[in-house]
Amino acid sequence: MRLGLSEETQLDDFTKQGFLVIKSFFSREECESLREISRDHESYKLKTFLPLMNPHKEDPRFLTLLRKEKLHKVLESFVGGKIRGLQTQFFYCHPGTSGFAWHQDNFYVQAEPANCFISAWLALEKVTKENGCLKICPKSHLSGLFPVIEKAINFPEGQDPNGARLESVFNVEDYEVIPIELEVGDLVIIHSQVLHASFDNASKDKTRNAFLMTFVKEGTLYRQGFTAKREDFNVYQ
Ligand SMILES: O=C(O)CCC(=O)C(=O)O
């Protein structure tokens, strides 16, 4: 596939840093529409505000953005071929929600090769350190996979328990840590082996709605997972 100049720069940045922020990738309307859909779900109605795991399986409206050609173009260029959807996750992240511990997505997914598994994290609201933005260690995707320990947290507030509890063991001083503060519609593309985490939502009154979409290159082998039950799916229709 031939890439335009700015696309080549994006790919180069992603390859070197292990992540890339693309400003205003989706419109405010597209983001608002996902937030509206999320309000039809139990987590919202019952006010647990727990993240929705793979909401596309019961509500295909969550597939709308995964089917956008502009997203395919970027991801295809990063993985070097056609893609398949793998997982989705909707985060309500109400005030008080615990952040994710440091982790590398591919520790769990075990995609082979690692650069054929990629995530796209979409800010549906303004995200800052205060309301729980992501933080990333650039270039850490070049360090291989780190072991993981289980932290003694029983019931993380409003969060996927594994996300808050399972933590990569590495020396954070060896890396730069960048908070990824974003506006509505900004998209972060995340390499499967880059170390990342999120801040707690320490704000009093700001939610941090976000939508995570993960993809594999067609033909990639990965771990389905006993609880995650990963199943790749077509995004081209
Ligand atoms: O949105 C978050 O708080 C973290 C999500 C994340 O890092 C992940 O699902 O891999």
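## Salt bridges, a sheet and a covered helix

Arg-35 and Glu-32 sit three residues apart, about one turn of the helix, and both belong to helix α2 (residues 28-38). Keep in mind that this is a predicted model. The side chains of Arg-35 and Glu-32 meet in a salt bridge, with 3.3 Å from N to O. How do the two partners fare for cover? Is Arg-35 buried or exposed? Arg-35 has 14% relative accessibility, so it counts as buried. Glu-32 comes out at 30% relative accessibility, so Glu-32 is partly exposed.

This pair isn't on its own, either. Glu-32, Arg-35, Arg-39 and Glu-125 are linked in a network of salt bridges. Across the whole structure, a search finds 15 salt bridges.

### Two other pairs

Let's look at helix α1 (residues 5-17) next. Lys-16 and Asp-12 both lie in this helix, four residues apart, which is about one turn. They form a salt bridge, and their closest N and O atoms are 2.9 Å apart. Lys-16 has 46% relative accessibility, so it counts as partly exposed. Asp-12, at 37% relative accessibility, is partly exposed as well.

Now for Arg-61 and Asp-40, whose side chains meet in a salt bridge at 2.9 Å, N to O. Which parts of the chain does this pair link? The pair links distant parts: Arg-61 is in the loop between β2 (52-53) and α4 (69-79), while Asp-40 is in the loop between α2 and α3 (42-45), and the two are 21 residues apart. Arg-61 has a relative accessible area of 37%, which makes it partly exposed. Asp-40 is partly exposed too, with a relative accessible area of 41%.

Here are the three pairs side by side.

| Salt bridge | N to O distance | Where the partners lie |
|---|---|---|
| Lys-16 and Asp-12 | 2.9 Å | both in helix α1 (residues 5-17) |
| Arg-35 and Glu-32 | 3.3 Å | both in helix α2 (residues 28-38) |
| Arg-61 and Asp-40 | 2.9 Å | Arg-61 in the loop between β2 and α4, Asp-40 in the loop between α2 and α3 |

### The sheet

On to the strands. Six of them make up an open sheet with antiparallel pairing, in the order β1-β9-β4-β11-β3-β2. Which strands are at the edges? Those are β1 (19-22) and β2, each of which pairs on one side only.

Strand β3 (residues 83-91) is a good one to follow. On one side β3 pairs with β2 in the antiparallel sense, over two bridges. Met-53 has Gln-89 of β3 as its bridge partner, and Leu-52 stands opposite Phe-90 in β3. β3 also pairs with strand β11 (residues 210-217), again in the antiparallel sense, over eight bridges. One example here is Gly-85, whose bridge partner in β11 is Phe-215. In general, strands of a sheet pair through backbone hydrogen bonds, either parallel or antiparallel.

How many of the residues in β3 are buried? Eight of its nine residues are, so the strand is mostly covered.

### Helix α4

Helix α4 is mostly covered too: eight of its 11 residues are buried. The buried residues are Leu-71, His-72, Val-74, Leu-75, Glu-76, Ser-77, Phe-78 and Val-79. Just after α4 comes Gly-80, with a positive phi of about 80°.

Key:
Residues are numbered from 1 along each chain as its sequence is written. This is a predicted model: local features need pLDDT of at least 70, side-chain atom pairs count only at pLDDT 80 or more; totals for chains, interfaces and linings use all residues. Side-chain values use heavy atoms; hydrogens and water are left out. A salt bridge is a side-chain nitrogen of Lys or Arg within 4 Å of a carboxyl oxygen of Asp or Glu. Buried means under 20% relative accessible area, exposed over 50%, partly exposed in between (1.4 Å probe, protein chains only). Two strands pair if DSSP finds at least two bridges between them.
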